[in-house]
Each structure stands twice: as C-alpha cells, then as structure tokens.
Amino acid sequence: MTLRLHQHPFASYCQKALMAFYENGVAFEAVMVDLGDEASRAAFYALWQMGKMPVLEDTARGVVLPEASIVIEHVDTFYPGKVRLFPEDPALRLRARLLDRLFDNYVQDPLQRIVGDRLRPEGAKDPAGVVQWRGILRTAYGVLDGQIGEGPWALGEVFSFADCAAAPALFYADALEPIGLTHPRLAAYHQRLRARPSFARVVEEARPFRALFPGPELTQIE
C-alpha cells in the first residue's frame, strides 16, 4: 500500500484527515497508534519525533508528512479523487485555508486544552484557564456563525477541506460547550456535517473509544 496513515480513530485531528480520505475513496492503510502501548509508541516516535497524529507515510514518493491539513493537501494533489478538496479558484482556496485555521486554532485548540486540563492531577489543574478557553470557544462560535453563511458547506455549494476541519472540531466542541440557539447558522452547519456520510463513518469508527474521553458529555450523543 502506497499510503499509510498513522492515526487513532478517536483523535479529532486524525478524524479530519480520515474524513478527507473517505470523501475521495482514496486507497490507504490505516495504522492505529496506541500511545499507551510501549511498542506502538516507540514505532510512532521513530517515524515522527514530535509524536502528534496524524502522520502520512507515502512510500511511493518517499515522504513522511505530519499535520492533518498538509496530509489532506498532499493526497488531494498527488492522489486526487472524486472530490477536489482544495478548490482551483484562488479566492475560494484562500477562504478555505482561512476557515481551516479558524477551526484548528480557535475551536480545536481550546477544546483540547479543556480536555487536557481534566487529565491533570489534582493540584495541577487550571480552572481560570478553562474559563478562558470556554470563552474563546464562545467567541469563535460567533465569528464562525458569521463566516459560514447559509451553506450548505463552509464555502457555500463547494465542499472542501475546510469542512473536514470543521466536522470533528464542532463535534467535540459542541459536546463541551454547546453551540446552542444563539448561533443558528453554525448549529445548522454542524448538523449537516454530522449527516455527511464520510463524517458519519468517522463517528461510528470512533464510538468504541468514547470511554477514553474524560467526562460524561459524549455518552449523551447518538
């Protein structure tokens, strides 16, 4: 197999890449990384010393690529499928990149900090930080509610890699800090992403690992 994606199906950035692969029906081998297993962890760190997933190994081209956005662009460029996730139109492509950064930096980042704080031992937690990160999420919801428009997708009619960034980010963020009725466009967009077959598959593949989540929120999601 030319493409090997080193990932864990419960990790949100891995879900971002997986959704893109599923959208295009790209043939790849999914290599599950278990950082709690010494052998799996050692093998992954030997591949990518930073130890963050996902990482794409393209044996045909002889490259190892980290970062979900870069992984998606590499596949879209060299192994294009039925859906071109990076628009040809320069203006649309730049807008997709902007939305990708907004979802990663202002939704994914604070939600992961909130989850990470739950994993800290007593005495090392940061309650003030959690309040701040929740505030960032709420601010991001307002910004994105204005950016998304009526849809159906982040760029309007064009489905893109920005939607792959949005789907797992909003799935986990909404569980922690509900989007609610105050951001109707973003809430409706989130539901359309939930119904997208590629992301529905991602959600189902991650379901067996929900017990790993440090909190009760995901048990309430179908």
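The protein chain exposes about 10,700 Å², and carbon and sulfur atoms supply 57% of that area. The model is a predicted one. Buried residues account for 49% of the 222 residues in the chain. Two pockets are described below, the largest with about 720 Å³ of space and the second largest with about 270 Å³.

**Overall fold and dimensions**

- The protein chain contains 8 helices and 4 strands.
- Read from the N terminus, its elements follow the order β-α-β-α-β-β-α-α-α-α-α-α.
- The radius of gyration of the protein chain is 17 Å, which agrees with a compact globule, because a globule of 222 residues would have a value near 17 Å.
- Along the principal axes, the C-alpha atoms occupy a box of roughly 45 × 45 × 30 Å.
- Of the contacts between residues at least 6 apart in sequence, 68% join residues at least 24 apart.

**Largest pocket**

- The largest pocket holds about 720 Å³ of space. Its lining comprises 21 residues, and those closest to the centre are Phe10, Ala11, Ser12, Met53 and Gln112.
- Helix H1 (12–24) and helix H4 (90–118) each contribute at least two residues to the lining of this pocket. The largest share, 4 residues, is supplied by H4.
- By residue class, the lining of the largest pocket consists of 14 nonpolar, 5 polar and 2 charged residues.

**Second largest pocket**

- The second largest pocket holds about 270 Å³ of space. It has a lining of 15 residues, with Tyr13, Lys52, Glu67, Arg101 and Asp104 nearest its centre.
- H1, helix H3 (68–78) and H4 each provide at least two residues of the lining of the second largest pocket. H4 gives the largest share here, with 6 residues.
- The lining of the second largest pocket divides into 5 nonpolar, 4 polar and 6 charged residues.

**Backbone features beside the pockets**

- Met53, listed among the residues closest to the centre of the largest pocket, is joined to Pro54 by a cis peptide bond with omega about 0 degrees.
- Pro54 lies in the loop between helix H2 (38–47) and strand E3 (55–58).
- Glu67, one of the residues nearest the centre of the second largest pocket, has a phi near 70 degrees, a positive value in a residue other than glycine.
- The position of Glu67 is in the loop between strand E4 (63–66) and H3.

**Individual residues in helices H3 and H4**

- Asp76 belongs to helix H3. Its relative accessibility is 3%, so Asp76 counts as buried, the cut-off being under 20%.
- Leaving aside residues up to four places away in sequence, Asp76 touches Asn24, Val83, Arg84, Leu85 and Phe86.
- Ala91 belongs to helix H4. Its relative accessible area is 54%, so Ala91 counts as exposed, the cut-off being over 50%.
- Ala91 and Ser12 are separated by 79 residues in sequence and by 27 Å in space, C-alpha to C-alpha. Ser12 is also listed among the residues closest to the centre of the largest pocket.

Definitions and conventions
Residues numbered from 1 in each chain as written. Predicted model: local features only at pLDDT ≥ 70, side-chain atom pairs only at ≥ 80, totals over all residues. Heavy atoms only, no water. 1 Å grid on protein atoms, 1.4 Å probe; cavity = no way out; pocket = protein on both sides within 12 Å on 5 of 7 lines; lining within 4 Å. Points joined across faces, edges and corners; volume = space filled by probe spheres on them. Nonpolar A, V, L, I, M, F, W, Y, C, P; charged D, E, K, R; others polar. Rg over C-alpha atoms; globule rule 2.2 N^0.38 Å. Buried < 20%, exposed > 50% of the residue type's maximum accessible area, 1.4 Å probe, protein only. Contact = heavy atoms within 4.5 Å. Areas by Shrake-Rupley, 256 points an atom, 1.4 Å probe, with all protein chains shown as cover.
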